[in-house]
Amino acid sequence: MTIDATQPYDDTNIFAKILRGEIPNKTVYEDEYALAFHDIAPQAPVHILVIPKGAYVSWDDFSARASEAEIAGFVRAVGHIAREQGLVEPGYRLLANVGDHGGQEVPHLHVHLFGGQPLGPMLAR
Ligand code: AMP
């Protein structure tokens, strides 16, 4: 089921539980601002989710409310992970689904990082 990205943050969502350590994840990177872990149902050879540590529903919520330090820290973390995973030379794709039309299912901002093979057209045709 997709979510309404205008709703207030719901701290019972699955990524909030991961951040609190209540459910396990396969961590690939963590710092003050971001946590990155393997997607549970990968759609490419590399499929990593990068989430901010703060309570933000979506890219919209994050870009409106997060501090400069949180935004810089999160964006730098995404770049760092791509470099650390060796994805820059072959190339990779970032995706952030927002709300119903975006197909967002988990109401905590996450950026999908895909790579490891040619990824095909940007949207399903
Ligand atoms: P989205 O449709 O953009 O909200 O994507 C949600 C993503 O979260 C999907 O790719 C799911 O496979 C992934 N996901 C859901 N639960 C977990 C979990 N416990 N650990 C890792 N990934 C998850």
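**Ligand surroundings and selected residues**

Helix 1 (14-19) and strand 2 (34-38) each contribute at least two residues to the shell around the ligand. The model is a predicted one. Within it, the ligand occupies the largest pocket. The surrounding shell comprises 15 residues, of which D39, N97, E105, H110 and H112 come nearest to the ligand.

Three of the polar approaches to the ligand can be described in terms of its oxygen atoms. For N97, a polar atom of the side chain is placed 2.8 Å from an oxygen atom of the ligand. For E105, the approach is made by the backbone, with an N or O atom 2.6 Å from a ligand oxygen. For H110, an N or O atom of the side chain lies 2.8 Å from an oxygen atom of the ligand. The ligand taken alone exposes 510 Å², and 85% of that area is buried by the protein.

H110 is located in the loop that runs between helix 4 (99-102) and strand 5 (111-115). Its relative accessible area is 6%, so H110 is classed as buried, the cut-off being under 20%. Besides its approach to the ligand, the side chain of H110 has a polar atom 2.7 Å from the backbone oxygen of H108. When neighbours within four places in sequence are left aside, the contacts of H110 are with F15, L49, V50, I51, L95, A96 and Q104.

H112, also among the residues that come nearest to the ligand, belongs to strand 5. Relative accessibility is 10% for H112, which therefore counts as buried. A polar contact of 2.8 Å joins the side chain of H112 to the side chain of H47. H47 also appears among the contacts of H112 beyond four places in sequence, together with D39, I48, L49, R93, L94, L95 and N97. Two of these partners, D39 and N97, are themselves listed with H112 among the residues that come nearest to the ligand. L49 and L95 are contacts of H112, and both are also in contact with H110.

Further residues were examined for their setting in the fold. P45 is found in the loop between strand 2 and strand 3 (46-52). With a relative accessibility of 56%, P45 counts as exposed, because the class begins over 50%. P45 touches G115, G116 and Q117, residues up to four places away in sequence not being counted. The C-alpha atoms of P45 and G116 are 5.2 Å apart, although 71 residues separate the two in sequence.

G73 is part of helix 3. The relative accessible area of G73 is 12%, and the residue is therefore buried. Between G73 and E32 the C-alpha distance is 7.8 Å, at a sequence separation of 41 residues.

Q85 occupies the loop between helix 3 (68-84) and strand 4 (92-95). Its relative accessibility of 31% lies between the cut-offs of 20% and 50%, so Q85 is partly exposed. With neighbours within four places in sequence set aside, Q85 is in contact with V28 and I48. I48 is also a contact of H112. Q85 and H101 are 16 residues apart along the chain, and their C-alpha atoms are separated by 30 Å.

Notes: Residues numbered from 1 in each chain as written. Predicted model: local features only at pLDDT ≥ 70, side-chain atom pairs only at ≥ 80, totals over all residues. Heavy atoms only, no water. Helix = DSSP H or I, 4+ residues; strand = E, 2+ residues; numbered from the N terminus. Buried < 20%, exposed > 50% of the residue type's maximum accessible area, 1.4 Å probe, protein only. Polar contact = N/O pair within 3.5 Å; in protein donor to acceptor, adjacent residues only side chain to side chain. Contact = heavy atoms within 4.5 Å. Near = heavy atom within 4 Å. Areas by Shrake-Rupley, 256 points an atom, 1.4 Å probe, with all protein chains shown as cover. 1 Å grid on protein atoms, 1.4 Å probe; cavity = no way out; pocket = protein on both sides within 12 Å on 5 of 7 lines; lining within 4 Å. Sits in = over half its atoms within 2 Å of the grid points.
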